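Here are some exercises to work through with the model open beside you. Try each task before reading its solution.

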Amino acid sequence: MSNALQVHDQDFPVRVAIVPDSFKGSARAVDVAAAMERGVRDAFGAAGIEATVHTLPFADGGEGTLDALLGAWGAEALTVDTTDALGRPVRARYGLSPDGRTGVIEAAEANGLPLVSDVPLRPLTATTRGIGPLVTALLDAGVEEILLCIGGSATTDGGTGLLRALGARLLDRDGRELPDGGGSLTELDRLDTSGLDPRARAVRWRIACDVTNPLVGDRGAAAVFGPQKGAGPDDVRVLDAGLDRLAEVLAQATGEDVRDRPGLGAAGGLPAPLTALLGAEVVPGSRMVADVLDAERLMAAADLVLTGEGRFDGQSLGGKVVDAVRRLAPAGRPVVVIAGDVSVTPEELRRSGVTAAFSTARGPRTLERMSEEVLADIEWTTSNCCRLLAHHFASPHA
Ligand SMILES: O=C(O)[C@H](O)CO
């Protein structure tokens, strides 16, 4: 007889859901999930316990979301030739769900700050235009929904570059087209959306923002994130005034005031026109990923939920992957975190709803060596943790 797990007075194999984030900079979520699965099988296998394992590489809507969705979909990244924030050629990746209905874009593949770190930044002229070909590729593929993950950008143009790439025109009071970039938006008189690709209005848009800042003001896109994109105090004033003017023109066109809405200051105001003109919805990233991957249903049947990330600390419990997983896990089931660094306090852990957290750290090593051995460490730590559980599960219940 197989040494099946006895839970809820029934015999069946132990069911494990593995739902990790990436270990940022060291391992993709899909590889972390595979390493955890090896650890689970090793531990339960050694105890003669059958294990049904579901792996679900996860993400919080930030960097790594494209890879996580591709991993979960079993899909390869597609690419398109486009331009970076400074207009230089770049090849950008995007993803398509197996049923072809959902497309995912990480905007930073085109307007990301790291792409332009080799040259002086140009905060007033940097543009989101390069996101356009990614969107068009998805529209050409016939998607019904676009998931746009934003942040880490070099742009503060209020998403106007993307809007133009999709066919809109930004005109000054003499009817002339404005040059690219947030620096010219103070001259904006009106938007001509007659040439806007109608498919862009027909699809559903969900935008995962990395911050909750509003479009303008002291906490706005230009004031808070402009300096990291090369904007000095004068540039910040110009960019903030430009975004304010954009909000005014959008309000005239749609009746919607986007100035104070949380999240619309992400990626230099990129979500503002998409929300006002295309009905885009700003959503918490981990919620978006959970919905797309049907994570709740997959976890519902689990006896044990394993999750993980590079660093598990107080911030992890504020909307990141571990936070989403512990909320989605069935009530009363153990949720175990495997992380490179576990820095939560005992009190934070107790309040978090996470059952236990284990660090993969194994003695002093160089960063390089830790990075090389990260997957082996994850596998080993998962196995080690599951050996204890397997022992418990294998013991006859009273
Ligand atoms: O891109 C940016 O401006 C920051 O990451 C905030 O979204």
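**Exercise 1. Describe how H4 lies on the strands, and then work out the sheet around them.**

Step 1. Helix H4 (132-141) lies across S5, strand S6 (89-96), strand S7 (102-106), strand S8 (145-149) and S11, and runs at about 40° to S6. Helices (H or I, at least four residues) and strands (E, at least two) are DSSP runs, numbered from the N terminus. Axes are lines fitted to C-alpha atoms, for helices over the stretch in contact, and angles run from 0 to 180 degrees between N-to-C directions. Contact means heavy atoms within 4.5 Å.

A note before going on: this is a predicted model, in which local features need pLDDT of at least 70 and side-chain atom pairs count only at pLDDT 80 or more, while totals for chains, interfaces and linings use all residues. Residues are numbered from 1 along each chain as its sequence is written, and side-chain values use heavy atoms, leaving out hydrogens and water.

Step 2. Six strands form an open sheet with mixed pairing, in the order S5-S6-S7-S8-S11-S12. Two strands pair if DSSP finds at least two bridges between them. At the edges are strand S5 (78-83) and strand S12 (281-283), each pairing on one side only. From one strand to the next, the twist averages 30°.

Step 3. Strand S11 (residues 204-208) pairs with S12 in the parallel sense over three bridges, and isoleucine 207 stands opposite valine 282 in S12. Helix H9 (residues 271-278) also packs on the sheet, where H9 touches S8, S11 and S12, and its direction makes about 155° with that of S11.

**Exercise 2. Find the strand that holds glycine 103, and list its contacts.**

Step 1. Look in strand S7 for glycine 103.

Step 2. Its relative accessible area is 0%, so glycine 103 is buried (under 20% relative accessible area; exposed is over 50%, partly exposed in between, with a 1.4 Å probe and protein chains only).

Step 3. Leaving aside residues up to four places away in sequence, glycine 103 touches Gly95, Leu96, Leu138, Val143, Glu145, Ile146 and Leu147. Its C-alpha atom is separated by 8.1 Å from that of glutamate 144, 41 residues apart along the chain.

**Exercise 3. Trace the chain from S13 to S14, and give the handedness of the crossover.**

Step 1. Strand S13 (residues 304-312) and strand S14 (residues 335-342) pair in the parallel sense over seven bridges. Glutamate 309 has alanine 339 in S14 as its bridge partner.

Step 2. Between S13 and S14 the chain passes through helix H12 (residues 321-328), and this β-α-β crossover is right-handed. That term applies if, with the strands pointing away from the viewer, the path from the first strand over the helix to the second runs clockwise.

Step 3. S14 also pairs with strand S15 (residues 356-359) in the parallel sense, over four bridges. Here the bridge partner of alanine 339 is serine 359. Together, S14, helix H13 (residues 346-352) and S15 make a right-handed β-α-β unit.

**Exercise 4. Why is cysteine 149 not bonded to cysteine 209?**

Step 1. A disulfide is a pair of cysteine sulfur atoms within 2.5 Å. The sulfur of cysteine 149 is 9.7 Å from the closest cysteine sulfur, in cysteine 209, and therefore too far for a bond.

Step 2. A search of the whole structure finds zero disulfides. Cysteine 386 is in no disulfide either, the nearest cysteine sulfur being that of cysteine 385, 4.6 Å away.
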